[in-house]
Structures are given as C-alpha cells and as structure tokens.
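Let's take a look at the hollows and the greasy surface of this one. Here is the model, followed by a short tour.

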Amino acid sequence: MGKPPKKKGSQRAQSVPASSPTVDANKKRKEGPGPNSPEPPLALPPPPAAMPTEVPTLSAEINELKASLVQLVPAVAELVPLVPAITQLATVVQQLKEKIEYLEAERDVLLTEKQALVLRVETLERNERAPNAILYGLEEGNHTGTSADKIHAVKALLQQNPDSGLVEIRRLGKFTANAKPRPILVRFASITHKHAAFKQQAKALRETFKVKLDDDLTLAQRECRKARMAEALQLQQAGWITFWRGEHLFKVKSGSAPIKVPKSSPSSAGASMQA
C-alpha cells in the first residue's frame, strides 16, 4: 500500500520558520513590552475650562499694596529730615543713661557710708550709756511740796557705800500732774561701779521702793526690744522666766542657767518656746 497523502495545513505550518516575524510579534503581544522597548507617551490633563478664582483675588491684593506704597512715599519723605534730630536724641538718651548709672553708683556709696556712720554713732552712744541705769515706778512728789519725791531716799541708799561712784541721779522728762512717775536716770562713773552698786542694793530698791531696774538703752535697742515683746510674752506663757540684757532676750527656769534666745522667724520661735 502506498503512503497516505499529507494534509495541506500541516505542510503550511511546518513551512513557517521558528524565527519568523509573525511569530515574534505574537510572542511580544503575549509577554508585554520588553526592557528595551520605547515608553508610551504621557497622557496630558485636559486644559481648564475656566480661569481659577484665586487669580483675580491675588491681582486685587497686589493693586492694594501698590496703592499703599504710593501713599507711604510722601510720609517717608517727611521723616527723612528728622533723621539727624532722632540721631541727636538717641545720643542725649545714652548720655542721660550713663549719668543715671553714675548717680546710682554714688548713691550706693553714700548709703554704705551712712550705714557705717550710723553704726559708729550707735556704738559711741551705747558706750556712753553703759554706766547708766534707769529706775521705773518710783513715786514722785508734786511741786507744791505736799509730798516729797522719793528720789532723795534712793540717792541716800546708793551712796551708803563711799566708793559707790554715783555721779548723777535725776528724773527724765517734764513733770505732768496726775501722770505716772517719770523714769529716773542714775549715772555712775563706770560700768564696774554700776554693777557693784546694784549687786548690793538691787534687792533693797525693789522691796523698799517697788522700782524696776533697767539699762539705759539707745533708741535702736528699745526698738529691738519692742519688736520681741510678743516673743517674750509667749515664753512666759510657756513657763519660762524672761529678762533682758541690753537688747538681748534671755529665758531661764528654776535651777537652770539662763539661755540666750536668738532672734528667729515666727515659725521657728514656736519651736524654741516648746524646748
């Protein structure tokens, strides 16, 4: 038997070579563009249908700024002649500032000198008053002579010791009828004489004449005491016995040595009173 005849379609398919352009084109359509293929053109957005509304608004603002600048030009032109005067005024202000700084420095120096002078005067006054004593509460006679002033009896008591060193004894201030007795200044020759006299006669003065003895204080010392009177009262209410030596406050309890109370703030004063 002879071979069967070949079909025309199969012969046509075999006749197409593997690398034909038709096959390559079909293959590229399936695989997509390669790395060396040209990029497709960019798609541009469609043109706007109308102009944006911001553009007219911005144009109006620019026109307003131009008008404002036109109005400022004359004002600036008027200020130009004032520049020398402004410069001169700035110079004067700087000079005044330097003068004020100089005067402030001088003031600080004067304040320092004043404080030193006040301290020196206070020291001199304390030294001058140190030999003195003040008696409070001694009955005072009147000027008609119906009642005698007991100051003479006090003077006699203090002069019982020939070496008492008593220099002067007199009342302070002007006499006023029906007023409390004026205090008495007792001046001794030295602090040693004062201590010796009151060591011997202090008990007799208190018991016989019912007087209170104190130092001759300066104004600063009296103000210091006055500021601490409330503190002394609180100590007494807490069971302490208080007394003063100059402007210094002391507290003591029976059978114990005196304790000097330091100056303190109100918050710490309560703690010292409870000690």
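First, some bookkeeping on residue classes: Ala, Val, Leu, Ile, Met, Phe, Trp, Tyr, Cys and Pro count as nonpolar, Asp, Glu, Lys and Arg as charged, and the others, Gly among them, as polar. Keep in mind that this is a predicted model.

With those classes, the lining of the largest pocket comes out as 16 nonpolar, five polar and 13 charged residues. That pocket holds about 1000 Å³ of space. Its lining runs to 34 residues, and L213, D214, D215, R225 and W244 are the ones nearest the centre. Several elements chip in: α4, β1 (132–136), α6, β4 (212–215), α7 (219–227) and β5 (241–245) supply at least two lining residues each. The top contributor is α6, with seven.

Now for the closed space. There's one cavity of 30 Å³ or more in the structure, and the largest cavity encloses about 50 Å³. Around it sit L158, N161, D163, S164, H193, A196, A197, Q200 and Q201. Helix α6 (residues 191–209) leads here too, giving five residues to this lining.

Side by side, the two linings look like this:

| Space | Volume | Lining by class |
|---|---|---|
| Largest pocket | about 1000 Å³ | 16 nonpolar, five polar, 13 charged |
| Largest cavity | about 50 Å³ | three nonpolar, five polar, one charged |

Out on the surface, L69, L72, V76 and V80 make up a nonpolar patch of about 380 Å². One of its members, V80, belongs to the loop between α3 (54–79) and α4 (83–129).

Conventions: Residues numbered from 1 in each chain as written. Predicted model: local features only at pLDDT ≥ 70, side-chain atom pairs only at ≥ 80, totals over all residues. Heavy atoms only, no water. Patch = residues over 30% accessible without salt bridge, like charges linked within 9 Å, V, L, I, M, F, W, Y side chains within 5 Å. Areas by Shrake-Rupley, 256 points an atom, 1.4 Å probe, with all protein chains shown as cover. Salt bridge = Lys/Arg side-chain N within 4 Å of Asp/Glu carboxyl O. Helix = DSSP H or I, 4+ residues; strand = E, 2+ residues; numbered from the N terminus. 1 Å grid on protein atoms, 1.4 Å probe; cavity = no way out; pocket = protein on both sides within 12 Å on 5 of 7 lines; lining within 4 Å. Points joined across faces, edges and corners; volume = space filled by probe spheres on them.
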